Amino acid sequence: LESLRPSAALARAAREALGTGVVQGERLAPAEILARTRRLYDFVRRSIKAGGSLFERASGTLARREGNRVGLLLALLREAQVPCELWLVRPLSTAVLEGPLPDVEAFGEPLIAVGPGQGAGGGPLLFLDPVHRHEPAGLVRPGLRGAKALRLWSSQEAPAALIQAAL
């Protein structure tokens with residue numbers, strides 16, 4: 001996503017929230033992935049008032065201290081070398097439409113999968129739902145648990161995929 005483009009302000013915010021420097025290309029152990037994730041998640045929850053579109057620039061959200069928390073958190077996690085993906089989830093309460101193709105518009109709830117492929121059963125280490133300020137890291141709202149998700153990759157080589165999420 002263009003909105004996640006790196007910037008000096010994002011790099012500085014990630015360093016300050018982590019309290020340490022970040023080495024580009026660094027591969028992190030799962031414990032360090034989780035530690036960095038929790039620090040950045042807490043920073044975004046405490047510092048940013050929710051609002052805006054998923055497609056607004058993360059650097060703008062950071063500067064205003066208001067905007068889309070999901071996009072900002074994705075950008076900060078990337079700056080901190082934390083592997084992550086954006087998943088768009090179809091809530092269980094959404095009406096089921098007949099047909100062979102999924103109702104793409106119903107996939108409207110964003111979650112961040114941290115450490116994809118490194119968790120139990122090959123899933124993520126942790127899911128983040130930064131939409132609501134007071135949800136702790138790892139808590140997935142009941143209406144999203146076990147729901148289908150559209151998994152979006154950060155690289156352009158891999159396509160999006162519809163999966164049965166183990167949320």
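**Reading the labels in this model**

Me: Why is arginine 65 called partly exposed?
Reply: Its relative accessible area is 39%. Buried means under 20%, and exposed means over 50%. The value for arginine 65 lies in between, so the label is partly exposed. Keep in mind that this is a predicted model.

Me: Where is arginine 65, and what is its phi?
Reply: Arginine 65 is in the loop between α3 (58-64) and β2. Its phi is positive, about 60°, although arginine 65 is not a glycine.

Me: Which other residue that is not a glycine has a positive phi?
Reply: Glutamine 81 is one of them, with phi near 65°. Glutamine 81 comes just after α4, in the loop that leads to β3 (84-89).

Me: What makes glutamine 81 buried or exposed?
Reply: Its relative accessibility is 18%. The cut-off for buried is under 20%. Therefore glutamine 81 counts as buried.

Me: What about leucine 125: which label does it get, and why?
Reply: Leucine 125 has 24% relative accessibility. That is not under 20%, and it is not over 50%, so leucine 125 counts as partly exposed. Leucine 125 is in the loop between β4 (109-114) and β5.

Me: Which residues does leucine 125 contact, leaving aside neighbours within four places in sequence?
Reply: Pro30, Ile33, Leu34, Val114, Gly115, Gln118 and Gly119. Each of these has heavy atoms within 4.5 Å of leucine 125, because that is what contact means.

Me: Why is asparagine 68 called buried?
Reply: Its relative accessible area is 12%. Buried means under 20%, so asparagine 68 qualifies. Asparagine 68 is in the loop between β2 (66-67) and α4 (69-79). Beyond its neighbours within four places in sequence, asparagine 68 is in contact with Gly51, Gly52, Ser53, Leu54, Glu56 and Thr61.

Me: How do you know that asparagine 68 caps the N-terminal end of α4?
Reply: Look at a side-chain oxygen of asparagine 68. That oxygen is 3.0 Å from the backbone nitrogen of valine 70. A polar contact needs N or O atoms within 3.5 Å, so this pair fits. There is also a second pair to look at. A polar atom of the asparagine 68 side chain lies 2.8 Å from the backbone nitrogen of glycine 71.

Me: What makes α4 largely enclosed by the rest of the structure?
Reply: Count its residues. 10 of the 11 are buried, so α4 is largely enclosed. Among the buried ones are Arg69, Val70, Gly71, Leu72 and Glu79.

Me: Why is α1 called roughly perpendicular to α4?
Reply: Helix α1 (residues 8-18) and α4 pack at an angle of about 75°. The range for roughly perpendicular is 65 to 115 degrees. The angle falls inside that range, so α1 is roughly perpendicular to α4. Their axes are 9 Å apart. On the α1 side, the contact is made by Leu10, Ala11, Ala13 and Ala14. On the α4 side are Leu72, Ala75, Leu76 and Glu79. By class, seven of the residues in this contact are nonpolar, none is polar and one is charged.

Me: How do you know that α1 and α2 are also roughly perpendicular?
Reply: Their axes cross at roughly 110°. That also lies within 65 to 115 degrees, so α1 and α2 are roughly perpendicular to each other. The residues in contact are Ala14, Ala17 and Leu18 of α1 with Arg36, Arg39, Leu40 and Phe43 of α2. They divide into five nonpolar, no polar and two charged.

Me: Why is valine 131 called partly exposed?
Reply: Its relative accessible area is 32%. That is between 20% and 50%, so partly exposed is the label. Valine 131 is in the loop between β5 (126-128) and β6 (148-152). Not counting residues up to four places away in sequence, valine 131 touches Ala50, Arg69, Val70 and Pro110.

Me: What does the chain as a whole contain?
Reply: Four helices and seven strands. Along the sequence, the pattern is α-α-β-α-β-α-β-β-β-β-β. Of its 167 residues, 42% are buried. The chain exposes about 8800 Å², and carbon and sulfur atoms supply 54% of that.

Terms used:
Residues are numbered from 1 along each chain as its sequence is written. This is a predicted model: local features need pLDDT of at least 70, side-chain atom pairs count only at pLDDT 80 or more; totals for chains, interfaces and linings use all residues. Side-chain values use heavy atoms; hydrogens and water are left out. Helices (H or I, at least four residues) and strands (E, at least two) are DSSP runs, numbered from the N terminus. Buried means under 20% relative accessible area, exposed over 50%, partly exposed in between (1.4 Å probe, protein chains only). Accessible areas come from the Shrake-Rupley method with a 1.4 Å probe; for residues, only the protein chains shown count as cover. A polar contact is a pair of N or O atoms within 3.5 Å; within protein, one must be able to donate a hydrogen and the other to accept it, and residues adjacent in sequence count only if both atoms are side-chain atoms. Axes are lines fitted to C-alpha atoms, for helices over the stretch in contact, and angles run from 0 to 180 degrees between N-to-C directions. Angles under 35 degrees count as roughly parallel, over 145 as roughly antiparallel, 65 to 115 as roughly perpendicular and the rest as oblique. Ala, Val, Leu, Ile, Met, Phe, Trp, Tyr, Cys and Pro count as nonpolar, Asp, Glu, Lys and Arg as charged, and the others, Gly among them, as polar.
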